[in-house]
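Here are a few notes from my look through this one. Have the model open as you go, since the points follow the pockets and then one of the helices.

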Amino acid sequence: MKEALLTLNTLYFLFGATLYMGTMWVLRFFLYPTWRSLTPDNVQAHFGVPTILATRFFTVVVPPMFVTAIVLVWQEWGSWYVALSAVCLAGITVLTWVGQLNIIPVNKRIRGGQFDGPAGLTALLIRWMRLNDIRFVGSTVTWAAIVWYVAAKGDLAGALS
């Protein structure tokens, strides 16, 4: 039973890391290019609503990831797997720090129209994208660490039975 719970714990982190990385990849490769055409008139529909929805979603998904990452570190203390677990914990910590302290304030300024015309909006969007480039790299590293961990651990199906 304990092994099954630890496996489910690991799979939850994998689930969250995959969602996070996927979101960052979609932003970087599919949405950034379209945001060159955002204006003060259309920014709410194409930026405001998606950022509100993403914030709500990740506010539910991320807190359990902290718990699962701590459990991973605790579970692997004394083995080499602790390094991968620590990367997972550090990754979700950095991603959250960048998001909460740096990106959310920019989101609020953009959604609130707190910029000086199109040039001010462009400057904020460029700042926002650069900050999210940090999360792009961080989420990819975090995802790679949990995938490496899962692959190295081996028989997950057996652990659940």
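**Notes on the pockets and H4**

1. Keep in mind that this is a predicted model. I'll begin with the smaller of the two pockets covered here: the second largest pocket comes out at about 200 Å³.

2. Who lines that second pocket? Going along the chain, you meet Arg28, Tyr32, Pro33, Trp35, Arg36 and Leu38, then Thr122, Leu125, Ile126 and Met129. H4 supplies the largest share of this lining, with four residues. By type, the lining splits into seven nonpolar, one polar and two charged residues.

3. Now the largest pocket, with a volume of about 510 Å³. It has 26 lining residues, and those closest to the centre are Thr51, Ala54, Thr55, Phe58 and Arg135. Helices H1 (2-31), H2 (43-76), H3 (81-111) and H4 (117-153) each give two or more residues to the lining.

4. Which helix gives the largest share of the lining of the largest pocket? That would be H2, with ten residues. As for character, the lining of the largest pocket holds 16 nonpolar residues, nine polar ones and one charged.

5. A word on H4 itself. This helix has 37 residues and spans 53 Å from first C-alpha to last, close to the 54 Å expected at 1.5 Å a residue. Look just past its end as well: Gly154, right after H4, has a positive phi of about 90 degrees.

Technical notes:
Residues numbered from 1 in each chain as written. Predicted model: local features only at pLDDT ≥ 70, side-chain atom pairs only at ≥ 80, totals over all residues. Heavy atoms only, no water. 1 Å grid on protein atoms, 1.4 Å probe; cavity = no way out; pocket = protein on both sides within 12 Å on 5 of 7 lines; lining within 4 Å. Points joined across faces, edges and corners; volume = space filled by probe spheres on them. Nonpolar A, V, L, I, M, F, W, Y, C, P; charged D, E, K, R; others polar. Expected span 1.5 Å × (residues − 1).
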